[in-house]
Amino acid sequence: MAVALGMDAFSLGIGIGLKGIRLRDVLRLSSIIALFHVLMPLGGIYAGHFVSGLLGHVATMAAGVLLLLLGGHMIYSSLKGESAQTMDYRSSVGTFLFAFSVSIDSFSVGVTLGMFEADILLTVLLFGFFGGLMSVLGLLLGRRVSENLGGYGEALGGAILLIFGLLFIF
C-alpha cells in the first residue's frame, strides 16, 4: 500500500522534474513529501471512521483541483514563454501545495486504516519512506528527461499534472 501511495509522488515528481530542478531541491522537496506521507495518514487514522465517507471524497476532489490548476498553469507558462509568472515549487507555498496534493490520498487511506487495528508507527514510517523514495526517483527521472526535451519539458510536465488532476476528480 505504501508503494501504491508513493506512485503519485513518483508520477507528479516526473512532471515537476521536467520543469528542471536542482539536486538540492530534489532532496528538500522529497523530504517534505516524506513528512507529509507520515503526517497525512496519521491525521487520517486519528480522524476515525465517522468522517471517512465524506472526507475521502472531498480530499480527493481537492487534490484533483489543485493538480488541474498547477498543470494548467505550467502549460500556460510554457506556451507564453518567459513573460508568464509560474508557481515556484521552491517557494514555501509551492512546496506545500505539491506535497499536499501528492499526500492527500494518504489521509483517506489513514482514515480507513483507523478503522482497523494497524501498527500505526510501522504504517506511517513505511508511507513516509516510500513517498520520499518515489518522489526522489520521479524528480530525478523528470530532470534527466527534461535535459533532452528542452522547452517542451514544462508543457509535458503540466500535461502530466493535468491528467492526474482529472483522474483524481473522475
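In this predicted model, helix 1 covers residues 2-18, and because a helix is expected to rise 1.5 Å a residue, its 17 residues should span 24 Å, which agrees with the 24 Å that separates its end C-alpha atoms. Helix 1 is one of 6 helices in the protein, which has 0 strands, and the order along the sequence reads α-α-α-α-α-α.

**Helix 1 and what follows**

- Helix 1 is mostly covered, since 14 of its 17 residues are buried.
- After helix 1 comes Gly20, a residue whose phi is positive, near 100°.

**Aromatic pairs**

- How many aromatic pairs does a search of the whole structure find? The search finds 3 aromatic pairs.
- Phe36 and Phe96 form an edge-to-face pair, because their ring centres are 5.5 Å apart and their planes stand at 70°, an angle over the 60 degrees that this label requires.
- Phe36 belongs to helix 2 (residues 23-47) and Phe96 to helix 4 (residues 92-114), so this pair ties together parts that are 60 residues apart in sequence.
- Phe36 is buried, with a relative accessible area of 13%, whereas Phe96, with a relative accessible area of 44%, is partly exposed.
- The rings of Phe129 and Phe130 also make an edge-to-face pair, because their centres lie 5.0 Å apart and their planes are at 80°.
- Phe130 counts as partly exposed at 22% relative accessibility, because the buried class is reserved for values under 20%.
- Ring pairs also link Phe36, Phe96 and Phe100 into a cluster.

**The surroundings of Ile75**

- Ile75 is found in helix 3, which runs over residues 52-80, and at 22% relative accessibility Ile75 counts as partly exposed.
- Which residues does Ile75 contact, leaving aside its neighbours within four places in sequence? Ile75 is in contact with Ala155, Gly158, Ala159 and Leu162.
- Ile75 and Leu162 are 87 residues apart in sequence, and the distance between them in space is 9.0 Å, taken from C-alpha to C-alpha.

**The protein as a whole**

- The protein has 170 residues, of which 48% count as buried.
- Among contacts in the protein with a separation of 6 or more, 91% are accounted for by residues 24 or more positions apart.
- The accessible surface of the protein comes to about 8600 Å², and 72% of this surface belongs to carbon and sulfur atoms.

Methods
Residues numbered from 1 in each chain as written. Predicted model: local features only at pLDDT ≥ 70, side-chain atom pairs only at ≥ 80, totals over all residues. Heavy atoms only, no water. Helix = DSSP H or I, 4+ residues; strand = E, 2+ residues; numbered from the N terminus. Expected span 1.5 Å × (residues − 1). Buried < 20%, exposed > 50% of the residue type's maximum accessible area, 1.4 Å probe, protein only. Phe/Tyr/Trp six-rings, centres within 6.5 Å; stacked < 30°, edge-to-face > 60°. Contact = heavy atoms within 4.5 Å. Areas by Shrake-Rupley, 256 points an atom, 1.4 Å probe, with all protein chains shown as cover.
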